[in-house]
Amino acid sequence: MGKFQAIELYKAPQTSSYTLLPLRFTPLDQDHYVITNLAGEYLRLRKTTLADFLRHKLSNDDPNYMELRARHFLIDETSSIAPELLALKLRTRYSRLSEFTGLHLFVVTLRCEHSCPYCQVSRQSEDKLRYDMSLEIALGALDLTFQSPSPNIKIEFQGGEPLLNFDLIQHIVLEAKQRNQRFAKNLAFVIATNLALINGEILRFCRDHSIQISTSLDGPQELHNANRPRPGNNSYEKTIEGIKLARAVLGRDQVSALMTATEASLNCVEEIINEYLAQEFKGIFLRPVSPYGFAIKTKSYRAYNAERWLAFYKQGLNYIVDLNRRGTEFMEHFASTILKKVLTSEDPGYVDLTSVRNHVKLPPVII
Amino acid sequence: MSNTGLESRHTILRFDKFVFSLPAVKKAAYKFLNAFTADINLDQDEIICTLTFTPPLNEELTSRLIEDFKKEVLDQDLREQIRSETEPIRKLIFALAFSKTGIARDGQVPSD
């Protein structure tokens, strides 16, 4: 009877030559790093393992080796198809790029009857007609809009308060729909409005042309009115009345709201979320003040630092998680966006989370 | 790398320029802009960083920032090496991913 060979003979060689694929890394704590790659794959590694891996010293029987290969951090003689797979994932992740941008913001006026100190545009007082978009500019902007190769075009009207120039909005909507008979794109419209000027006539036009409403609701009455001053100190009342009216004419799903957290908001995140629940919204987007426009002039964006913002955000997110655990379905949209970006192959394309270093910064066209 | 104390707000760090790249030191310094500014100079063999810390300061914080900065220089240097080693395959992957999308036509690819 012949002798069996020693088991070592049948084992693959322990050191394999492998090639690194593009990757990024950052420390998590004293002993661990997280590595990520082009396709959004990630892996948590011990510092020593990462060092071995990058020096090409990682043994192919190391438990991390197969994970690194499966998630496209290395290729070896058994995975020559990896570049093609990684390219496919990359292409899927950024498929929206081939369509350029579909979102076109029309700033139809810089006038506003509110005087919110955190406003992210360079708001002007209401009577300065020279701050309205002209018809000539609007038509030129539509030329640009319809040059987009995207089959989905969304035109969002912003301000100032865009309803102060509603005549132009009507003109743009009708002109866009007429031009679209030739282009046959999925055309959608949104008006970002504080709702103070909304009325039945405007809403009927919105209903007839499938225009959605996006408004601002900063929280309970006292906070909202403090954040969003207007003559009469009744922004909250106007907003709530407007939401009800808009829902009645357009339908519940055609009206959404956004909040902005000022310093006064930081101690009342639960009250803000409760207000959204009371107004029967299905979620909230907890947003800090953006350092643009009027917020720069008033320095309101510097009223709190990242640490205080994160304390506010974490408390709010914990509260929302708890609400869901107790049976109330409610979403925090920022967390949802981040989790989608981190955990799926689909990039949500949220501009504020798109790094220039990703080579894909693609903001909406703002006209 | 070595460091020399100047006065409490300033520290000089020296990096062997045959071991560390200048871009790695600059990128690491950029990451710590909120804690200190760095004047970076070269001499024959060394990259010399004079760090000026932003007050308020204490010795423990300063020591920790210096240690973190040295670790970051190492990390940035490693990133340079990875970038260099993986650049050809990175270009290949991007070419495979986007060559058929019509995003870039011939002669219209911007140089990065």
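Of the 367 residues of chain A, 32% count as buried. The model is predicted. Chain A holds 12 helices and 13 strands. Among its contacts with a separation of 6 or more, 69% join residues 24 or more positions apart.

**Nonpolar cores**

The largest nonpolar core has 35 residues. Phe106(A), Val108(A), Phe157(A), Ile169(A), Ile172(A) and Ile191(A) touch the most other members. Helices and strands of chain A both feed this core, including strand E6 (103-107), strand E7 (152-158) and strand E8 (186-192). Strand E9 (211-216) is also one of the elements that supply at least two residues each. So are helix H4 (135-145), helix H5 (166-183), helix H6 (200-208) and helix H8 (235-250) of chain A. H5(A) gives the most, with six residues.

Ile191(A) shows how such a member is surrounded. Leaving out residues up to four places away in sequence, Ile191(A) touches Phe157(A), Pro162(A), Ile169(A), Ile211(A) and Ile213(A). Apart from the largest core lies another, of 23 residues. Its members include Leu23(A), Phe73(A) and Ala87(A), and also Ile93(B). In soluble globular proteins, nonpolar side chains tend to be buried together.

**Where the chains meet**

Chain A puts 15 residues in contact with 14 residues of chain B. On the side of chain A, the elements giving two or more residues are strand E1 (19-20) and helix H3 (82-93). H3(A) gives the most to that side, with six residues. The residues on the side of chain A divide into 11 nonpolar, two polar and two charged.

**A helix pair in chain B**

Helix H1 (residues 22-31) and helix H2 (residues 59-98) of chain B pack against each other, their axes 8 Å apart. The angle is about 130°. H1(B) and H2(B) are therefore oblique to each other. H1(B) passes H2(B) in a right-handed crossing. From H1(B), the contact draws on Pro23(B), Ala24(B), Val25(B), Lys27(B), Ala28(B) and Lys31(B). H2(B) answers with Phe69(B), Glu72(B), Val73(B), Gln76(B), Asp77(B) and Glu80(B). The residues of this contact divide into six nonpolar, one polar and five charged.

The two sets of contact residues can be set out by class.

| Contact residues | Nonpolar | Polar | Charged |
|---|---|---|---|
| Side of chain A that touches chain B | 11 residues | two residues | two residues |
| Contact of H1(B) with H2(B) | six residues | one residue | five residues |

How values were computed: Residues are numbered from 1 along each chain as its sequence is written. Chains are lettered from A and ligands numbered from 1 in the order in which they are written. This is a predicted model: local features need pLDDT of at least 70, side-chain atom pairs count only at pLDDT 80 or more; totals for chains, interfaces and linings use all residues. Axes are lines fitted to C-alpha atoms, for helices over the stretch in contact, and angles run from 0 to 180 degrees between N-to-C directions. Helices (H or I, at least four residues) and strands (E, at least two) are DSSP runs, numbered from the N terminus. Angles under 35 degrees count as roughly parallel, over 145 as roughly antiparallel, 65 to 115 as roughly perpendicular and the rest as oblique. A crossing is left-handed if the near helix is turned anticlockwise from the far one by less than a right angle, and right-handed if clockwise. Two residues are in contact if their C-beta atoms, placed from the backbone, lie within 7 Å. Ala, Val, Leu, Ile, Met, Phe, Trp, Tyr, Cys and Pro count as nonpolar, Asp, Glu, Lys and Arg as charged, and the others, Gly among them, as polar. A residue is buried if 20 or more other C-beta atoms lie within 10 Å of its own, exposed if 12 or fewer, and partly exposed in between; C-beta atoms are placed from the backbone. A nonpolar core is a set of buried Ala, Val, Leu, Ile, Met, Phe, Trp, Tyr and Cys residues joined through C-beta atoms within 7 Å.
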